[in-house]
Amino acid sequence: MLFRSVGKEAYRGAFGERPAFGPQTRMLGDTALYVLPSTSPANAAVPYGERLRWFAALRAWIEPEHRRAVRAIVVDARDRVLLLHWQGPTGSWWITPGGGVAVGEGEAEALRRELNEEIGLRDVEPGPVVFERTHTLPRPARLVRQHERFHLVRVDRLDVAPTIDLAAEHVTGHRWCTLDELERTGERISPAGRPALVRIL
């Protein structure tokens, strides 16, 4: 993911709204946005010390925090893939269940915890790792560079029943998708390219 710094007027011209200084929740594709005060000498509205503070904050923000995560490609006996609907500041996505690995937690332990919390799948033994990626997420405090490992998890059938309230995580629903549905959909699915991966599996 790239990032781009812009001024308030440039941002307002592009999106029709006036932002606050700092990182924005809106993105342009894979590009994060950060609004800075204008460096023009004519910008008397923002004192030099204030401008310097925001540029220093930008320098701290772009130094990413590293995070490990684990996810599952859950496939049932009908070769359907389970997706969760994530609706957040950067838009609407269909994602696989999973999340961050806590300090002192093993990968398999983290995946079992996440699957229990998000879809109610218990006592599962994670299958092989079939995909890995590293991507960068814009967060208010700083960028997060997240390395994700995707395990194949097969189930005969599953009635999805989260054991926690997923609203705080911006998850609003789920669906089972066939391979053909995955390849035809115009909706955004993360990670990109997964339909081809699933068909190979």
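Start by selecting leucine 28 and threonine 31: threonine 31, in strand S3, is the bridge partner of leucine 28. You are looking at a predicted model.

**Stop 1: strands S2 and S3**

Widen the selection to residues 22-28, which form strand S2. Add residues 31-35, which form strand S3. S2 and S3 pair in the antiparallel sense. Four bridges link them. Now look at how covered S3 is. Four of its five residues are buried.

**Stop 2: the whole protein**

Zoom out. The protein has 201 residues. Its secondary structure comes to five helices and eleven strands. Along the principal axes, the C-alpha atoms fill a box of roughly 65 × 40 × 30 Å. Buried residues make up 41% of the protein.

Try a surface view. The exposed area is about 11100 Å². Carbon and sulfur atoms supply 52% of that area. Then colour by charge. There are 28 positive and 26 negative side chains. The centres of these two sets lie 7 Å apart.

Contacts reach along the chain too. Take those between residues at least 6 apart in sequence: 63% of them join residues at least 24 apart.

**Stop 3: strand S5 and its two partners**

Select residues 81-88, strand S5. How many of its eight residues are buried? Seven are, which leaves S5 mostly covered.

Next, add residues 171-177, strand S10. S5 and S10 run antiparallel, joined by six bridges. Pick out leucine 83 in this pairing. Opposite leucine 83 stands arginine 175 of S10.

Now add residues 91-95, strand S6. S6 also pairs with S5, and the two run antiparallel. Five bridges join them. Select glycine 88, then glycine 91: glycine 91, in S6, is the bridge partner of glycine 88.

While the strands are on screen, show side chains. In a regular strand, side chains alternate between the two faces of the sheet.

**Stop 4: aspartate 76**

Step back along the chain to aspartate 76. Where does aspartate 76 sit? Its place is in the loop between strand S4 (65-75) and S5.

Is aspartate 76 buried or exposed? Aspartate 76 counts as buried because its relative accessibility is 4%, and the cut-off for buried is under 20%.

Show the side chains of aspartate 76 and arginine 80. They make a polar contact at 2.8 Å. To finish, select Val155, Asp156 and Trp176. Aspartate 76 touches these three, leaving aside residues up to four places away in sequence.

Note on methods. Residues numbered from 1 in each chain as written. Predicted model: local features only at pLDDT ≥ 70, side-chain atom pairs only at ≥ 80, totals over all residues. Heavy atoms only, no water. Buried < 20%, exposed > 50% of the residue type's maximum accessible area, 1.4 Å probe, protein only. Pairing = 2+ DSSP bridges. Polar contact = N/O pair within 3.5 Å; in protein donor to acceptor, adjacent residues only side chain to side chain. Contact = heavy atoms within 4.5 Å. Areas by Shrake-Rupley, 256 points an atom, 1.4 Å probe, with all protein chains shown as cover. Lys, Arg positive; Asp, Glu negative; His and termini not counted. Charge placed at Lys NZ, Arg CZ, Asp CG, Glu CD.
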